Amino acid sequence: RHFGLSSKLTLHACANPMLDITNMPVALTQPKRPCGGGYGVFLTEKRPEFQKACEGLPRKSGFTAVTKMAGDNWKKMTDAQQAPYNKKYADAKVQFDKDMAAFLAKGGEVTKGARGLRSEKRKARVAKKKKDVNAPKRPGAGAYGIFLAENRAKIMQSLPAGSKVSDVAKVAGETWKALSDAQRKPYNEKFLKKQEEYKVALAEYKKNLPEDAEEDEEAEDEEEEEEEEEEDEESPLLKKARK
């Protein structure tokens with residue numbers, strides 16, 4: 001007859017009254033810090049609903065569609081409608097502080113979260129190898145990145161001499177927000193085209209990679225997807241204009 005670990009400990013305790021399993025150390029679980037503000041709570045509760053609405057889309061496209069749908073819905077809500085979610089987040093923060101204090105009082109040691117661990121792994125890989133200058137560059141910043149690249153010079157010329165990079169970004173962001181869906185469409189199409197070109201170039205590039213180097217590249221891709229999922233839970237009010 002097979003017994004689990006807890007059953008074995010119980011049987012052993014019965015055979016040996018001197019062993020008190022109630023005093024055995026219990027592994028402590030570090031509390032998870034709430035993030036994303038009221039929007040994070042809203043997204044967590046509504047995510048299944050948005051995912052259902054986006055069924056049938058490829059994983060990456062579906063993720064983007066869910067993010068956009070959640071952000072758009074949140075922005076349309078009044079302060080009164082957002083208030084319950086903001087309160088839940090505030091309550092979660094208070095509870096987290098209490099749980100963390102109890103965790104530390106019991107001898108718990110704070111460890112880095114998933115994002116911190118990924119950062120350490122990335123640094124280790126960078127130390128292990130230098131970035132291959134021949135590797136294709138992943139297109140970033142979405143359609144907004146295309147818009148910014150094409151209009152940066154024009155925006156700089158419209159600003160007073162000595163303007164900072166942040167000034168350019170601010171004007172670009174405001175201009176992008178003012179564009180209609182029809183006006184953004186060409187930039188979206190250009191970005192999608194760049195993504196497809198990148199995938200083709202990356203596949204060709206990986207054909208000539210040693211096995212361990214290819215594994216590193218795949219790990220980096222997975223980490224970027226995980227980071228995007230975490231950023232999805234941040235408040236859209238705190239995101240850059242490109243979102």
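**Exercise 1.** Which residues of α6 meet which residues of α8, and at what angle do the axes of the two helices cross?

*Solution.* Start with the residue lists. In this predicted model, G142, A143, I146, F147, E150 and N151 of α6 meet Y187, N188, K190, F191 and K194 of α8. Contact means heavy atoms within 4.5 Å. Helices (H or I, at least four residues) and strands (E, at least two) are DSSP runs, numbered from the N terminus.

Next, sort these residues by type. The contact of α6 with α8 divides into 5 nonpolar, 3 polar and 3 charged residues. Here Ala, Val, Leu, Ile, Met, Phe, Trp, Tyr, Cys and Pro count as nonpolar, Asp, Glu, Lys and Arg as charged, and the others, Gly among them, as polar.

Then take the geometry. Two packed helices are described by the angle between their axes and the distance between the axes. The axes of helix α6 (residues 142-158) and α8 come within 8 Å and cross at roughly 105 degrees. Axes are lines fitted to C-alpha atoms, for helices over the stretch in contact, and angles run from 0 to 180 degrees between N-to-C directions. α6 and α8 are therefore roughly perpendicular to each other (under 35 degrees is roughly parallel, over 145 roughly antiparallel, 65 to 115 roughly perpendicular, the rest oblique).

The ground rules of the model are these. Residues are numbered from 1 along each chain as its sequence is written, and side-chain values use heavy atoms, with hydrogens and water left out. Local features need pLDDT of at least 70 and side-chain atom pairs count only at pLDDT 80 or more, while totals for chains, interfaces and linings use all residues.

**Exercise 2.** What span should the 26 residues of helix α8 have, and which residues of α8 are buried?

*Solution.* The expected span is 1.5 Å times one less than the number of residues. For α8 (residues 181-206) that comes to 38 Å, and the end C-alpha atoms are 36 Å apart, which agrees.

For burial, the residues to list are Y187, F191, Y198, L202, Y205 and K206. Buried means under 20% relative accessible area, exposed over 50%, partly exposed in between (1.4 Å probe, protein chains only). Y198 has a relative accessible area of 12%, so Y198 falls in the buried class.

Finally, look at what lies across from this helix. Y198 and P136 are 62 residues apart in sequence, yet their C-alpha atoms are 6.6 Å apart. A135 sits in the loop between α5 (114-128) and α6, and at 17% relative accessibility A135 counts as buried. From A135 to L202 there are 67 residues in sequence and 7.4 Å in space, C-alpha to C-alpha.

**Exercise 3.** Where do α2 and α4 meet, and how do their axes cross?

*Solution.* On the α2 side the residues are G37, G38, V41, F42, E45 and K46; on the α4 side they are Y85, N86, K88 and Y89. By type, the contact of α2 with α4 holds 4 nonpolar, 3 polar and 3 charged residues.

The axes of α2 and α4 come within 7 Å and cross at roughly 105 degrees. That makes α2 roughly perpendicular to α4.

**Exercise 4.** How many aromatic pairs does the structure hold, and how are the rings of F42 and Y85 placed?

*Solution.* The count is 11 aromatic pairs. Rings of Phe, Tyr and Trp (its six-membered ring) pair if their centres lie within 6.5 Å; planes under 30 degrees apart count as stacked, over 60 as edge-to-face and the rest as tilted.

The ring centres of F42 and Y85 are 5.4 Å apart and the planes stand at 85 degrees, so this pair is edge-to-face. F42 lies in helix α2 (residues 37-53) and Y85 in helix α4 (residues 79-105), 43 residues apart. F42 is buried at 4% relative accessibility, and Y85 is buried at 13%.

A second pair is F147 with W176, which is tilted: 5.4 Å centre to centre, with 45 degrees between the planes. F147 belongs to α6 and W176 to helix α7 (residues 165-178), 29 residues apart. Both F147 and W176 are buried.

As a last step, place F42 and Y85 in their group: Y39, F42, F50, W74 and Y85 form one aromatic cluster.
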